[in-house]
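I opened this notebook to record what I looked up on core packing and helix contacts. The entries follow the order in which I worked.

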Amino acid sequence: MKFSIRLFPEITIKSRPVRKRLIQRLQSNLQNMMRRVDEQIKVRGHWDKLDVVCEGASAEIVAQVVDIMQRTPGIHSFVEVTEYPLGDFHDIYEKAHAIYADELRGKTFKVRVKRSGKHEFRSIDVERYVGGGLNQHSEALGVDVHKPDLYVDLEIRNDKLHVVTNTYKGLGGFPLGTQEATLSLISGGFDSIVASYMSMRRGCKTHFLFFNLGGHAHEIGVKQVALYLWQRYGSSARVKFITVPFDEVVGEILQSVHHSHMGVVLKRMMMRVGEQVSDRMGIDALVTGESIAQVSSQTLPNLAIIDAATEKLVVRPLITMDKQDIIDITREIGAYDFAKNMPEYCGVISDRPTTCAKKDRVEKEELDFDYEVLERALERRQVISIDEIIEDVNIHAEVEALTNVGANQVVVDIRAPHEQEKKPLNIPGCEIQLVPFFALSAAADGFSEDKDYLLYCEKGVMSQMHAHQMQERGFSNVKVYRPGVAES
């Protein structure tokens, strides 16, 4: 089986050297990800498209290949292609009829032929012959060359006939790594999630910077969503996840800054730390999720004052977007439940916050701020590779992981509902509760003290995170279920 990829249109208008570089990077990104599925899958580059060839692959592998291509930046769309030796016009018609006859029932259609190589016929000759045959020998409503219900797409490439059997929409954007790297200030809410995603989709290798304002549960939630975004849309490039403890900074602001300016000063402190972290990483741009006037600190005057705290370019992909549109995107990219159920944290809440901060006033407020607190926060930062989050959790969580289920033990499947439905967990003789991660906190109130509850997820990352969080809340009977993994 073969898939033919159509490039993001903005790639095709670039100069020849730039276009070649973008295509090569997309090919490399795809090959890296396909190799994790099956070493035999090949990605072949052409001037105007890419081909992904997975000959003899199982239906499960083909489904994984389709999923990867649908979430890879740089792909406008792709088609599933069946290849045949090129025969005469009637043979071409018969191949098309065998594939499209059922789908044509009750629909108008148009035949489109794309041809390359030397032939004694024109593309329009094939279109007329095949279109006429399908019109006469199928239950189609007829040919409509302007607005058909269905396109019958054929490609003739030298001595091969390619018949398109399925069409899929891609993610668009530029291939990951073709643009400069960014550092995304991620809090785990709707805005920062979408801003990070949009930076990745535009081809930027996007690292994550998290300011922990005093809550371990919040850190777990943000690591979880950052890992999801990377695995889903950016796994062709390794990135960093940086945590900066900001609880002392918040305390210093509460003591030193007038309540009306706390929000603006907090953002300026984040920008200062973001600048130093990005300097160390050789990054020139910070990504944030602000949208004009969404909250008091995001008015244009306040954003200008916040930006003045750094010499870095501050990129705001959501700057003119409505909140509902942002929320809708989290649904589209599968991150809605993460954002909706992100644990609350104690931040800086201004009383009657200013919406029009003045530079002189802000600088005056910051005179009493102890910048040694900011330096300590920066020194205590933790930097890990995003794909090492599971190891980081295993090192610090110290949650017992069991490979077998015993008496008085309940397995709690915390995967998202669609994952539970796709791969149901079946353990004979064992009680299994389906509690998606975002409903776990509420469900835990009903846990019995006489039973152990073993959290399960497919890769063991989220189960460790949430088990650690539950134990910190006092649920000592919450552990992890890891089938097939030897106990330490």
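Before reading any crossing, I noted the convention: a crossing is right-handed if the near helix is turned clockwise from the far one by less than a right angle, and left-handed if anticlockwise. I also noted that the model is predicted.

**Entry 1: α2 and α3**

I applied that convention to α2 and α3 and recorded a right-handed crossing. I then looked up the geometry: helix α2 (residues 16-37) packs with helix α3 (residues 59-70) at about 155 degrees, and the axes are 10 Å apart. Because angles over 145 degrees count as roughly antiparallel, I entered α2 as roughly antiparallel to α3.

Which residues meet here? From α2 I listed L30, M33, M34 and V37, and from α3 I listed I61, Q64, V65, I68 and M69. Sorted by class, this contact of α2 with α3 holds 8 nonpolar residues, 1 polar residue and no charged residues.

**Entry 2: α8 and α9**

I turned next to helix α8 (residues 247-256) and helix α9 (residues 262-281), whose axes come within 10 Å and cross at roughly 145 degrees. I recorded the crossing of α8 and α9 as right-handed. On the α8 side, the contact is made by V249, V250, I253 and L254; on the α9 side, by M262, V265, L266 and M269. The class count for α8 with α9 is 8 nonpolar, with no polar and no charged residues.

**Entry 3: nonpolar cores**

I kept a general remark at hand: in soluble globular proteins, nonpolar side chains tend to be buried together.

Which members of the largest nonpolar core touch the most other members? I found F208, L229 and I386, out of 55 residues. Helix α7 (residues 216-234) supplies the largest share of this core, 9 residues.

I followed I386 further, setting aside neighbours within four places in sequence. I386 is in contact with F208, A226, L227, W230, V239, K240 and F241. Another core lies apart from the largest one; it has 34 residues, among them F246, V264, M271 and V273.

**Entry 4: S236**

I located S236 in the loop between α7 and β11 (240-245). Is S236 buried or exposed? Its relative accessibility is 18%, and the cut-off for buried is under 20%, so I entered S236 as buried.

Beyond neighbours within four places in sequence, S236 is in contact with N29, N32, M33, R36 and L176. M33 of α2 had already appeared in my list for α2 and α3.

Conventions: Residues are numbered from 1 along each chain as its sequence is written. This is a predicted model: local features need pLDDT of at least 70, side-chain atom pairs count only at pLDDT 80 or more; totals for chains, interfaces and linings use all residues. Side-chain values use heavy atoms; hydrogens and water are left out. A nonpolar core is a set of buried Ala, Val, Leu, Ile, Met, Phe, Trp, Tyr and Cys residues joined through side-chain atoms within 4.5 Å. Buried means under 20% relative accessible area, exposed over 50%, partly exposed in between (1.4 Å probe, protein chains only). Helices (H or I, at least four residues) and strands (E, at least two) are DSSP runs, numbered from the N terminus. Contact means heavy atoms within 4.5 Å. Axes are lines fitted to C-alpha atoms, for helices over the stretch in contact, and angles run from 0 to 180 degrees between N-to-C directions. Angles under 35 degrees count as roughly parallel, over 145 as roughly antiparallel, 65 to 115 as roughly perpendicular and the rest as oblique. Ala, Val, Leu, Ile, Met, Phe, Trp, Tyr, Cys and Pro count as nonpolar, Asp, Glu, Lys and Arg as charged, and the others, Gly among them, as polar.
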